[in-house]
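Please open the model in your viewer and keep the selection tool at hand. The tour moves from single residues to a whole chain.

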Amino acid sequence: MPATVPEACQALTGDGALALGGGTAMGLLLRNGLVEPERLVWLGRIAALGGIAVGTDGSLRIGAATTLAELARHPEVLRRCASLARAASGAANPRIRAVATLGGHLGHADPRQDLPPVLLALGASAEVTGVGGTRLVEIADLLVGFMETSLAPDELITSVVVPERVGRRDVYLRYTPNSHDDYPTVGVAVDVSVAPDGRVMGARLALGGVAPTAVLVEGVADALVGRAASAADLEAVAEAARSSATPVDDQRGSAAYKQAMSGLWAVRAVRAALGGADER
Amino acid sequence: MRARFTLNGAPVETDVAPASMLLDLVRERGLTGTKEGCAVGICGVCTVLVDDRPVSSCLYLCGFLDGADVWTVEGLVEREPELADAFVECEGMQCGICTPGQVVAAAALRLRSPGAGAAEVREELAGNLCRCTGYETIVEAVMRYLERS
Amino acid sequence: MSQAEALIDNPAGARSSGSARLDAAAKAAGAARYAGDVVLEGMAHAAVWRSPLPHALIRGARLEAARAAPGVLGVFRAEDLDAGLFGRRVRDLPVLASGKVRFVGEPVVAVVAERREQAEAAVALVEVDLDERPAVLDARRALGSAEVLVHDAPWRYEGAVVAESDGPNLQSRVRHGREEATQAALAAAEFVVDRMYRTVAGHPGYLEPQACVAQIEEDGTVQLWASDKSPYRVRQQLADTFGVDPRSVVLNPILIGGDFGGKGSPTIVPLCVALARAVGRPVRIALRYSEDLVAASPRHPATMRVRLASDGDGRLVALRLDAVIDGGAYAALKPVPTVGLHGMELVGSSYRIPNLYLDARVAYTNSVPKGHVRAPGSPQVTFAFESALDELAAKVEVDPIEIRRRNLLTTGEANPHGARFVELRGREVLEAALAAFERRSGPPGWRTGWGIGVYDRETAAGKTSIRLRSTPGGGVRAEIPVPETGTGSHTVVREGLARLLGIDRALVEVAQVSTGALPYDVGVGASRVTAGMSTVLERAAQLWSMRQGDEVVAEIDGGGDERVTSFCVQIAQVAVDPESGEVRVLELLSALDCAEVLHPAAHRMQIDGGAVMGFGFACLEDLRIEDGQVWAANLGEFRLASSRDAPPLKTVLVTGSRGLGALDVKSVGELTNVPVAAAIANALAAATGVRLRELPITAERVHGALARRGEP
């Protein structure tokens, strides 16, 4: 059980090591024999991985050992990027949230998760540290495939950095038509920056649960920036969302339905962000 | 590995297999109030408190136990008889298999949000499934407990 | 008293004061014992290798690696165990597959080891050579073609209700009514609805996975602690199949963590006994929940063709039901003499239908054997019938309420299956439901509507026994044969006995005793326990008043000549998001008639719990059996309604009904889970015009139906 990040990186070097945050996702895999590591590396006791701090540049630095429950309640998160708190508060159930860490959540890279699309929409980055040093990785470059990150074996996520955002409105909508506590049929995260006179200056939109990874939708800024968010503009957003979705059939819906819902809920998220109204 | 932790208020020092689950550890020590249900962290019948947080013991790796403060239903009810009394008075149970998990979840809720109303109780307990009661009596029991403590 | 009894002692609250439920204190404190909590000295653990294929010949197995694994005491195939075929009526189920496997999940090899993890680790080392065969996965196809036979000669099994001349893959066929007259009436009717409705397989959803502990004593007596709600019946099955005296098989008292019909089947008990005999040590089998989902007794899926006809005023003239039901690979899990689904055979029971015919076939398929689940057959057929009734009302242009008013039976009439009840209060319950009904509004932009479902169910008593003993201080101890599965039966007994004897309930103790201590009980199920226990208590109280010594034993077989039935009318209000198809149930109102209620809290929870379970059946639950395999193999995929999913409930009790016996009781356990699906489907149709005839009702299905109509 390493006490510092360098010790953890050392322990992770070579084959057969498995890093654990809260251990909820890994616990399942371990118990079912789906992973058989030679050694477990516990990241939970590393003080440097805890805490949430506001930087001088206004960015929010969230330690990787922060639990989803802590994330859901933290005043700075609620103030600066409430959609992240909302996503964290809706994930799984209270017991998982009490233990699951941000770092472990991202490391697991399950495309159905709630936080990745939010982090994409917020333009967040992950601080990643290995024996060779630390680098900053955009979330899109971290989550590279289905249950796959770009982390080297000796690397761990040490924090997530959400940049300063002024005049930004962020929304996360989680569509769960069947059981409330299930993974969403589609999760949509939106972050728009709006000038005091109401003009849209920037927009990012990401989808969860409808592709091998969370996916940032291209073309949303084009549809909204400097425009009046007309029906045609919103339809362009819907079309962009549908085009970005490459879902699979599962318990939460067929691929066709998820694709259709990607379009519908992208528009709803944008409307919620622009309207300033609280999301459902 | 060697783990030193407290269990229902008493210190424990024992060897644990790091990848083994807390659920099996407590049950092997005779604390069979905590049950195995779905084994995937969903149903909540295995809920215990670790450092005042509700945890699915079926997914809680013993490697995390060193320095932890663990409470199972047996210890919590001894510590706070009003917790069990509320469930008895409101009859918040039928077959009883989910009851220990509900009781522990209620204890955790009080620690985190003692003034919770019915809506918040229902939300917080959504992670503890019950197939028998239809949930109304469980919510009432938790409300009674919160009012009393 | 064996060493294990102390672990399963009657919970601390046995003599609790007040009206608190007997086992409440123990359950709240984590002191309640279930089969998975039983620990015996020297107890070993078993795990099972299960078939990954739906249909295959077993060519051989390589077990050396498993045998050599740490802690392993034995690795067993069918031929290593001295066990025959089991079944609650048809004995076609082997404890381990022999010769061939017939469903994905069928047990083939059992491993016994010192520790459970060791047994499971050894199972992973088992290799079985399977020669895959084509599988028959669709019930209709199974009945229509002898190309693939699940069983070569099912008529040969003991208890079989099929003949060699019957069509292929048939488990049972129930036909009754008047076919010619019904066909003629359908042909001549002014209005006819002819529709197909489909339901899927669902697990009973008890949260305690099945578990069993078996210990063989020196003299061969089998001591069992099992999550089985029919201890005397499973004792008889074990005696019959192992060829021993039933008195040498003892089912010890134990609490059961939810039953809902799924814990009466011989899925693990016979295997546990066979393994305990084979290794010469006590053995526990405790299923992992995923095993329970994949391999244990789910509700039968059904495809039901309903032909329902009326005259110009909407008065019913004919009903024909043709049902094809998927029974899975073995018929063994069905306990009734017809080996069918009783509820299916009672279609339309609440109404006046002059011409009725039904033909219900249960098929063998290469999928998990299906069993009895809360009101077997009824939720499926009530969904079909009550939906068809609304569709008929639309055709006739009569309001769905009015068509029910015109056709619901009233006291004095026989039901269409020929049964006569002391009273029939369907009309009153309907009016009470409507009187209590208040419209709720949905979210802005959503379409709202409401719909109705109706059902009635008879109260049965069954065969049972009881012993009363005096206790110091003028008290009485009731020793009963019925396990407490959660329904509050033990508390009901305390209340009933206190009333009959005219004593304070604090003076009454109640305890389940082992099977050796009482003559018989037919088992928990069919909602019979309250009535059964009440009837036998009445007899026992009479004997008690005339007793010479300190104890009496009473037995009954059934509840007498008078028959009673209870009506349940449910009104569902839904809101539908037309853009996504999402259906939200704004309220589920259940109105039912009742007589004397001995334990109001349990009565209420049966109503609420049943309604939530019915909601799950309607909207959430599907084991997704595809390619013969259960795909929803954990509770993350097979979703049980959480407290947030459960719709707001409203209950209306229409009191003053006549019950059975001196205690005047009626059953309630299998009522409110039944009409829910129809009420929601009818509400959906009212809100959107979309008629879904397939369960579960999902947003995607609604969305698809709206899209086909060119909406939104």
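Begin by selecting B:C90 in this predicted model. Its relative accessibility is 11%, so B:C90 counts as buried, the limit being under 20%.

Keep B:C90 selected and add B:C130. Which cysteine sulfur is closest to the sulfur of B:C90? That sulfur belongs to B:C130 and is 14 Å away, too far for a bond.

Now centre the view on B:C130. This residue is also buried, with 8% relative accessible area. Select B:C98 next: its sulfur is the closest cysteine sulfur to that of B:C130, at 4.0 Å. The pair is not bonded, because a disulfide requires the two sulfur atoms to be within 2.5 Å. A disulfide is a covalent bond between the sulfur atoms of two cysteines. Over all chains, the count of disulfides by this rule is zero.

Turn next to chain A and display it as a cartoon. Twelve helices and 13 strands can be traced there. Along the principal axes, the C-alpha atoms of chain A occupy a box of roughly 55 × 45 × 30 Å. The radius of gyration of chain A is 19 Å, which agrees with the value near 19 Å expected for a compact globule of 280 residues.

Show the surface of chain A. It exposes about 10900 Å², of which carbon and sulfur atoms supply 53%. Of the 280 residues, 58% count as buried.

Finally, colour the charged side chains of chain A. There are 25 positive and 30 negative ones, and the centres of the two sets lie 7 Å apart.

Notes. Residues are numbered from 1 along each chain as its sequence is written. Chains are lettered from A and ligands numbered from 1 in the order in which they are written. This is a predicted model: local features need pLDDT of at least 70, side-chain atom pairs count only at pLDDT 80 or more; totals for chains, interfaces and linings use all residues. Side-chain values use heavy atoms; hydrogens and water are left out. Helices (H or I, at least four residues) and strands (E, at least two) are DSSP runs, numbered from the N terminus. The radius of gyration is taken over C-alpha atoms; the globule rule is 2.2 Å times the number of residues to the power 0.38. Buried means under 20% relative accessible area, exposed over 50%, partly exposed in between (1.4 Å probe, protein chains only). Accessible areas come from the Shrake-Rupley method with a 1.4 Å probe; for residues, only the protein chains shown count as cover. Lys and Arg count as positive and Asp and Glu as negative; His and the chain ends are not counted. The place of a charge is taken as NZ of Lys, CZ of Arg, CG of Asp or CD of Glu.
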